[in-house]
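Please load the entry in a viewer and keep the sequence panel open beside it. The tour proceeds by selection, from the whole chain to single residues.

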Amino acid sequence: MLTNDELAKWDRESFMHPSTHLAQHARGEAPGKIIKTAEGCFITDRDGNRMLDAFAGLYCVNIGYGRQEVAEAIADQARELAYYHAYVGHGTEASVTLAHMVMERAPDHMSKVYFGLGGSDANETNIKLVWYYNNIRGLPQKKKIISRWRGYHGSGLMSGSLTGLTLFHQKFDLPLDTVLHTTSPYYYRRDDLSLSEEQFTAKCAADLEEMIEREGADTIAAFIAEPMLGTGGIVPPPAGYWQAIEPILRKHDILLIADEVVTGFGRLGSMFGSPHYGITPDIMTIAKGLTSAYAPLSGSILSDKVWKVLEQGTDENGPIGHGWTYSAHPIGAAAGVANLKLVDSLNLVQNAAEVGPYLTAQMAEAIGEHANVGEVRGEGMLTAVELVKDRDSRTFFDAADKITPQVVAAMGRRGVVARAMPQGDIIGYAPPLCLSREEADTVVQATADAIKEVLG
Ligand code: PMP
């Protein structure tokens, strides 16, 4: 077996990591963990250190690690048929079965699912389909897409443009100029602290409508949003937000794309985030929880309204010119089928609805009064702790002080993995949906102790 030093050398010499300080990593100043095995909510590194993974990888291992049913489904599929494509109407038993299972779970007005590989490519697909949709409808000017500051939709050319975090734009010449960003529904960080939640919602809606009127509704194709902000800070929407936003989109003939990459398949304690917040999207993006990351697979779920226009388009123009070699990959599909069966048989949506709020409540109880805790918030199995220099003025810590990375590192020394969210001092928690109350207590205790160690 390779020694840790040998592996670290190969890593520095050969491996360009995503979302990483490349220079520090290559100099060996910022080595990441090399994980070896995992079971349930726990991961174990090469040195045998066992840690509770309170971020489920990148909020994707929803069923927990080490589920043999999924491993066996993948192995069986690989032995029987590792690959066949889905072009020109072809498929596999696994891909057709998974499509059926996804549509059984999707809201009633949805019609079909197109499978991709990850959330970013699914959102690239979505925007291409929206453009195609408006071209077929004879509305070639209606192409701009509105997303929100602090939204996260991936890091491709279009999906990275949709993402509303400047870290993902700067030096990449993004966003593309067909993308506009509107107000982030981030109540805690609103510009005018005197606004009530309802007033802030009204402001978000007014800002959106103003943007639509300024640009011209006939130039705007779609609005894309996560039902609840994820990577931008784990922020539940302010009261009445979706009820205020959706009618504006309908009034202006603007499609609603719900990016359910994080919220899909149970994370909010409901099967999907859209019905959870009472919205009826035209397109839904799914990924992570579709396979619990046992294999890469994503999807674009299309409403009947969109689907009918796509059908018309192919009757007029021939086959749709869009597809990846690995669309509906049978190994991903087999993982998805086995995964969704486990989500049901283990009652994981229900567990997320119960243990998630318990985690958030216990966290608030343990650290909510700390002088540097600005807010503890969450929904379902998603929790965030926002740290501030001063509670009353909500001042940010100096980014150079790296307060949140320090707290997260201190948690790591206590055997719990959380995530320092990009942009701001926010600790994120998105454990596997099978988290137990005892495991939630461990996460809270590690957080409280780590905050005490770093901030007193
Ligand atoms: N949309 C959302 C809401 C996400 O959270 C993510 C990933 N965190 C993506 C899209 C992009 O998915 P991927 O990283 O699989 O491309």
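What percentage of the 456 residues of the protein chain count as buried? In this predicted model, the share is 48%.

**The whole chain**

Begin with the protein chain in cartoon representation, which displays 15 helices and 15 strands. Its radius of gyration is 22 Å, close to the 23 Å that the globule rule gives for 456 residues, so the chain is as compact as a globular protein of that length. Turned onto its principal axes, the C-alpha trace spans about 65 × 60 × 45 Å. If contacts are drawn between residues at least 6 apart in sequence, 72% of them join residues at least 24 apart.

**The mixed sheet**

Next, select the open sheet of 7 strands, and follow it in the order S4-S10-S9-S8-S7-S5-S6. The pairing in this sheet is mixed. At its edges stand S4 and S6 (179-182); each has a single partner strand, so one side of each is left without a neighbour in the sheet. From one strand to the next, the twist averages 20°.

Start at the S4 edge by selecting residues 110-116. Is this strand largely enclosed or not, and why? Of its 7 residues, 5 are buried, so S4 is largely enclosed by the rest of the structure. Its pairing with S10 (residues 298-303) is antiparallel and runs over 6 bridges. To locate one of these bridges, select Met 110 and its partner in S10, Ser 303. Then add helix H5 (residues 93-105), which lies across S4 and S10 and runs at about 135° to S4.

Move to the other edge and select S5 (residues 144-148) together with S6. These two strands pair in the parallel sense over 4 bridges. Ile 145 can serve as a marker here, as it stands opposite Val 179 in S6.

Stay with S6 and colour the loop between helix H7 (157-162) and that strand, where Pro 175 is placed. The peptide bond that leads from Leu 174 into Pro 175 is cis, with omega near 5°.

**The surroundings of the ligand**

Now select the ligand and the 15 residues around it. Which residues come nearest? They are Gly 118, Gly 119, Ser 120, Gly 154 and Val 261. Colouring the shell by residue class gives 5 nonpolar, 8 polar and 2 charged residues. Helix H6 (residues 119-136) makes the greatest contribution to this shell, with 3 residues.

**The antiparallel sheet**

Hide the ligand and select the open sheet of 4 strands, ordered S11-S12-S15-S14. Its pairing is antiparallel. Strand S11 (373-379) and S14 stand at the edges with a single partner strand each, so one side of each is left without a neighbour in the sheet.

Within this sheet, show the side chains of S15 (residues 426-429). Which way do they point, and are they buried or exposed? Ile 426 and Gly 428 point one way, Ile 427 and Tyr 429 point the other way, and all are buried.

S15 can now be examined with each of two partners. With S12 (residues 382-387), the pairing is antiparallel over 4 bridges. Two positions help to fix the register: Thr 383 has Tyr 429 as its bridge partner in S15, and Glu 386 stands opposite Ile 426. With S14 (residues 419-420), S15 also pairs in the antiparallel sense, over 2 bridges. Here Arg 419 has Gly 428 as its bridge partner.

Follow the chain through the hairpin of S14 and S15, where 5 residues lie between the strands. Select Gln 423 in this hairpin, which takes a positive phi near 65°.

**Two further backbone sites**

Finally, select Ala 56 in helix H3 (residues 56-59). Its phi is near 45°, a positive value in a residue other than glycine. Ala 56 has 29 C-beta neighbours inside 10 Å and therefore counts as buried.

The last selection is Phe 265, in the loop between strand S8 (255-259) and helix H10 (273-276). Although Phe 265 is not a glycine, its phi is positive, at about 70°. Is Phe 265 buried or exposed? With 28 C-beta neighbours inside 10 Å, Phe 265 counts as buried, the threshold being 20 or more.

Technical notes: Residues numbered from 1 in each chain as written. Predicted model: local features only at pLDDT ≥ 70, side-chain atom pairs only at ≥ 80, totals over all residues. Buried ≥ 20, exposed ≤ 12 C-beta atoms within 10 Å, placed from the backbone. Pairing = 2+ DSSP bridges. Axes fitted to C-alpha atoms, helices over the stretch in contact; angles between N-to-C directions. Contact = placed C-beta atoms within 7 Å. Near = placed C-beta within 6 Å. Nonpolar A, V, L, I, M, F, W, Y, C, P; charged D, E, K, R; others polar. Rg over C-alpha atoms; globule rule 2.2 N^0.38 Å.
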